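This report goes through one protein model, from its overall form to single backbone angles. The sequence and the structure come first.

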Amino acid sequence: MRILISNDDGINAPGLAILEEIAAELSDDIWVIAPAEEQSGAGHSLSITKPVQIRQYGKRRYSVTGTPTDSVMLGIGKIMGGLKPDLLLSGVNRGANLGDDITYSGTVAAAMEGTLAGIKSIALSQVYSGDPLYDDMPFQAATHWGAKAIRPLLEHDFEPRSLMNINFPALRADDIKGIKITKQGFHDYGRVAITEGKDPRGTPYYWFGLNAIEHTSGHDSDLEAIEDGYVSVTPLTLDLTHQEALRKMRTLYD
Ligand code: MN
């Protein structure tokens with residue numbers, strides 16, 4: 001099994017090294033092709049107004065001076081030279097990719113790009129709690145539960161144009177209750193925090209941050225599974241069509 005690994009935190013991110021360890025439990029044919037710099041929040045953006053460069057660090061280890069999508073596209077289309085990966089793993093992201101945040105995520109977007117290329121693709125993210133008790137053991141949950149969460153997915157046929165989004169809770173590995181299949185949740189738009197300041201020359205700037213997540217009700221969403229202490233596995237689709245709306249709108253312009 002040939003595995004392509006990417007992320008949005010960049011080639012030097014600790015979570016990428018964790019994902020390499022996880023992948024090494026599954027195969028010894030591993031290619032690492034990740035953005036040269038952090039690209040968190042890049043979503044599924046593709047660099048089309050400027051060129052990108054490839055840097056090589058070793059056998060099967062490269063960075064791309066662009067987005068996660070650039071990395072996967074160049075990885076498959078150029079760097080790997082026709083050796084199509086059997087599996088794409090993206091992450092392990094430093095921080096959650098849950099609910100509505102998924103559309104901003106470069107981590108999930110790298111997996112979307114793999115899916116577009118016809119490769120079984122999985123995004124992995126480690127939730128941080130803000131609680132120093134847990135956050136001083138970064139990626140412990142992902143390290144211990146990563147291969148456990150991925151292995152059954154290797155035997156499972158993904159639906160066409162679908163990918164998996166895995167999140168690990170901010171818990172000690174022993175405190176995790178298990179793995180749950182979930183649906184994508186949603187949260188209040190008020191989660192986005194805009195910080196204002198002035199740069200050294202007096203020009204105002206604005207900086208986007210995130211407030212705490214407001215949870216959606218029910219226990220079948222990704223947000224709630226994490227809150228309940230489970231690893232969350234959500235099947236996502238590239239097809240953004242709203243099926244119920246499609247049915248209701250069928251005669252709208254008759
Ligand atoms: Mn990130």
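## Surface and overall form

The accessible surface of the protein is about 13,600 Å², and carbon and sulfur atoms contribute 52% of that area. Of the 254 residues, 48% are buried. The model is predicted, not experimental.

The radius of gyration is 19 Å, which agrees with the value near 18 Å that a compact globule of 254 residues would have. Along the principal axes, the C-alpha atoms fill a box of roughly 55 × 55 × 45 Å.

## Secondary structure and contacts

Seven helices and eleven strands form the secondary structure of the protein. Among contacts with a separation of 6 or more, 75% are between residues 24 or more positions apart.

## Manganese site

Which residues hold the manganese ion? The protein donors are D8 (OD), D9 (OD), S40 (OG) and N93 (OD1), at 2.1 to 2.2 Å from the ion. Written along the sequence, the spacing of these donor residues is D-D-x30-S-x52-N. D8 belongs to the loop between β1 (2-6) and α1 (14-24), while N93 belongs to strand β5 (residues 87-94), so this pair ties together parts of the protein that are 85 residues apart in sequence.

Both ends of that pair can be placed by their accessibility. D8 has a relative accessible area of 3% and is therefore buried. N93, with a relative accessible area of 6%, is buried as well.

## Helix α3

Is helix α3 (residues 106-116) largely enclosed or open? Ten of its eleven residues are buried, so the helix is largely enclosed by the rest of the structure. The buried residues run from G106, T107, V108, A109 and A110 to A111, M112, E113, G114 and T115.

Several elements supply the cover. Those over the buried residues of α3 include the helix α2 (68-79) and the strands β5, β6 (120-126), β7 and β11 (230-237). Strand β5 is thus part of this cover, and β5 also holds the manganese donor N93.

## Nonpolar surface patch

On the surface, L46, I48 and M73 make a nonpolar patch of about 300 Å². One of these residues, L46, sits in the loop between β2 (29-35) and β3 (54-58). Its relative accessible area is 38%, so L46 is partly exposed; the cut-off for counting as buried is under 20%, and exposed requires over 50%.

## Backbone exceptions

Most residues other than glycine have a negative phi, and most peptide bonds are trans. The cases below depart from that pattern.

The peptide bond from G91 to V92 is cis, and its omega is near -15°. V92 is part of strand β5, the strand in which N93 is also found.

Positive phi values occur at two arginines. R60, which is not a glycine, has a phi of about 65°. R60 lies in the loop between β3 and β4 (61-64), and its relative accessibility of 25% makes this residue partly exposed. For R161, also not a glycine, the positive phi is about 60°. R161 is located in the loop between α5 (140-155) and β7 (162-168), and β7 is among the elements that cover the buried residues of α3.

Key
Residues are numbered from 1 along each chain as its sequence is written. This is a predicted model: local features need pLDDT of at least 70, side-chain atom pairs count only at pLDDT 80 or more; totals for chains, interfaces and linings use all residues. Side-chain values use heavy atoms; hydrogens and water are left out. Patches are made of residues with over 30% relative accessible area and no salt bridge: like charges are joined within 9 Å, nonpolar side chains (Val, Leu, Ile, Met, Phe, Trp, Tyr) within 5 Å. Accessible areas come from the Shrake-Rupley method with a 1.4 Å probe; for residues, only the protein chains shown count as cover. A salt bridge is a side-chain nitrogen of Lys or Arg within 4 Å of a carboxyl oxygen of Asp or Glu. Helices (H or I, at least four residues) and strands (E, at least two) are DSSP runs, numbered from the N terminus. Buried means under 20% relative accessible area, exposed over 50%, partly exposed in between (1.4 Å probe, protein chains only). Donors are N, O and S atoms within 2.8 Å of the metal (3.2 Å for Na, K and Ca); water is not among the atoms, so sites may look incomplete. The radius of gyration is taken over C-alpha atoms; the globule rule is 2.2 Å times the number of residues to the power 0.38. Contact means heavy atoms within 4.5 Å.
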